[in-house]
Amino acid sequence: MSAPDRAPMTSAVSTYALRLGDDALVLAQRLSAWSSRGHDLEEDIALTNIGLDLLGQARMLLTYAGTVEGGSRTEDDLAYLREERDFTNLLLVEQPNGDFARTIARQLLFSTWQLALWEALQSSADETLAAVAGKAVKEADYHRDHAVQWTLRLGDGTDESHHRMQAAVDALWPYVDEVFTVDDVEQALVAGGVAVDAASLRPGWDRFVDGVLAEATLTRPEDGWNPSGGRRGMHTESFGYLLSEMQHLHRSHPGATW
Amino acid sequence: MSGTPPTALWEVFVRSKRGLSHNHVGSLHAPDAQMALRNARDVYTRRQEGVSIWVVPAIEIVASSPDEKDSFFDPAADKVYRHPTFYDIPAEVQHL
């Protein structure tokens with residue numbers, strides 16, 4: 001590739017790493033709010049373990065995004081000093097924790113996609129992204145399993161748990177479509193063998209999620225209203241509150257360490 | 001949590017590495033065996049403590065009673081010949 005062509009490609013790689021990093025970071029922040037709020041100590045640790053896995057993924061990806069774009073911004077700069085409109089995570093991951101069923105549904109829908117993504121990204125032409133995927137794939141495998149186990153038990157549990165689990169899947173379903181949307185930035189990277197074609201992951205995702213929902217005696221919601229915009233920095237209402245809490249300490253005490 | 005019946009208690013055994021036996025590491029609550037196994041993974045192996053986990057319903061464990069301590073254990077106290085201390089143990093044997 002000649003020198004003039006490299007700049008846009010480099011910028012796209014940074015954008016892509018930032019998107020995947022933001023997904024992991026925002027969901028990690030959401031899950032961290034379950035600390036001391038789980039229905040028992042065991043689940044408390046399970047959810048925060050998943051959050052910590054995702055935070056680890058976010059750190060690698062944000063660091064890489066900062067390096068690729070020129071090295072002037074660190075992972076902390078990217079996590080703590082960007083504004084709401086600069087975050088490019090999926091709308092799905094920023095949705096509020098709600099009740100336990102809502103948190104589990106969000107994890108099922110997201111981790112099923114993320115696992116397929118990491119599996120495919122292991123053969124990326126970008127060595128760093130491939131390495132991150134290679135480490136993260138085992139983590140996502142467990143995250144999905146955890147969500148599946150609870151979806152089955154809540155869906156096929158009591159009337160109350162079934163009702164809540166169905167309501168959770170219904171509420172989050174509109175945000176699924178965005179997960180599989182591929183814009184020009186990603187299309188160029190897919191052509192270059194760097195990114196995964198998210199749309200190509202949809203059939204496998206459908207098969208898996210449909211199977212889990214059926215076994216859990218839940219009904220797959222109708223496709224309908226499909227909000228999007230997360231990848232362009234257009235977020236839902238609760239995201240600003242999440243961000244202000246996450247960034248508060250760093251902004252109040254720049255460079256604080258402990 | 002108030003109003004919620006407590007879930008069953010499970011005893012957790014972890015094998016720290018191949019070649020060693022499973023050791024009791026603690027207990028936890030879980031609604032069924034599969035969740036108990038996953039909870040054990042999260043609670044007891046998050047710092048690389050294990051390569052294998054057993055979970056056993058605590059209610060299934062039959063324990064000796066403190067009342068039986070004298071008849072159970074004291075008779076072994078003066079049987080020094082049962083200890084394998086009269087043999088030279090080869091240096092290669094690590095986990096005897």
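Okay, let's start with one helix, α11 of chain A, which covers residues 239-252. Those 14 residues reach 19 Å from the first C-alpha to the last, close to the 20 Å expected at 1.5 Å a residue. Before I go on, please keep in mind that this is a predicted model.

Now, where does α11(A) bend? Have a look at M246(A), where the helix turns by about 40°. And which residues of α11(A) are buried? Those are F239(A), L242(A) and L243(A). Here's a handy bit of background: an α-helix has 3.6 residues a turn, so residues three or four places apart point the same way. Keep that in mind when you look at those three on the screen.

Let's zoom out to the whole of chain A. Count the elements and you get eleven helices and zero strands. Reading along the sequence, the pattern is simply α-α-α-α-α-α-α-α-α-α-α. Along its principal axes, the C-alpha trace of chain A spans about 60 × 45 × 30 Å. How does the radius of gyration fit with a compact globule? For 258 residues you'd want a value near 18 Å, and chain A has 18 Å, so the two agree. Buried residues make up 43% of the chain. As for contacts in chain A with a separation of 6 or more, 74% of them are between residues 24 or more positions apart.

Next, the inside. The largest nonpolar core has 86 residues, and the ones with the most contacts inside it are A17(A), L61(A), L92(A) and A105(A). Which helix gives the most to this core? That's α5 of chain A, residues 100-121, with 13 residues. Let me pick out L61(A) as an example. If we leave aside its neighbours within four places in sequence, L61(A) is in contact with A17(A), L20(A), G21(A), A24(A) and V132(A). So you can find A17(A) on both lists: among the residues with the most contacts in the core, and as a partner of L61(A).

Then there's α2(A), running over 41-68. How does its length check out? With 28 residues at 1.5 Å a residue it should span 40 Å, and its end C-alpha atoms are 40 Å apart, so that agrees. After α2(A) comes G70(A), which has a positive phi, near 140°.

On to chain B. Here we have two helices and three strands, and from the N terminus they run β-β-α-β-α. What about its radius of gyration? The value is 19 Å, well over the 12 Å that the globule rule gives for 96 residues, so chain B is more spread out than a compact globule. The C-alpha atoms fill a box of roughly 60 × 40 × 15 Å along the principal axes. Of those 96 residues, 18% count as buried. And among contacts in chain B between residues at least 6 apart in sequence, 43% join residues at least 24 apart.

Last stop: where the two chains meet. How many residues does each chain bring to the contact? Chain A gives nine and chain B gives twelve. On the chain A side, α2 and α6 (127-155) each supply at least two residues, and α2(A) gives the most, with four. Sorted by type, the chain A side has two nonpolar, four polar and three charged residues.

That's my tour, thanks for listening!

How values were computed: Residues are numbered from 1 along each chain as its sequence is written. Chains are lettered from A and ligands numbered from 1 in the order in which they are written. This is a predicted model: local features need pLDDT of at least 70, side-chain atom pairs count only at pLDDT 80 or more; totals for chains, interfaces and linings use all residues. Two residues are in contact if their C-beta atoms, placed from the backbone, lie within 7 Å. Ala, Val, Leu, Ile, Met, Phe, Trp, Tyr, Cys and Pro count as nonpolar, Asp, Glu, Lys and Arg as charged, and the others, Gly among them, as polar. The expected span of a helix is 1.5 Å times one less than its number of residues. The radius of gyration is taken over C-alpha atoms; the globule rule is 2.2 Å times the number of residues to the power 0.38. A residue is buried if 20 or more other C-beta atoms lie within 10 Å of its own, exposed if 12 or fewer, and partly exposed in between; C-beta atoms are placed from the backbone. A nonpolar core is a set of buried Ala, Val, Leu, Ile, Met, Phe, Trp, Tyr and Cys residues joined through C-beta atoms within 7 Å. The bend at a residue is the angle between axes fitted to the seven residues ending there and the seven starting there.
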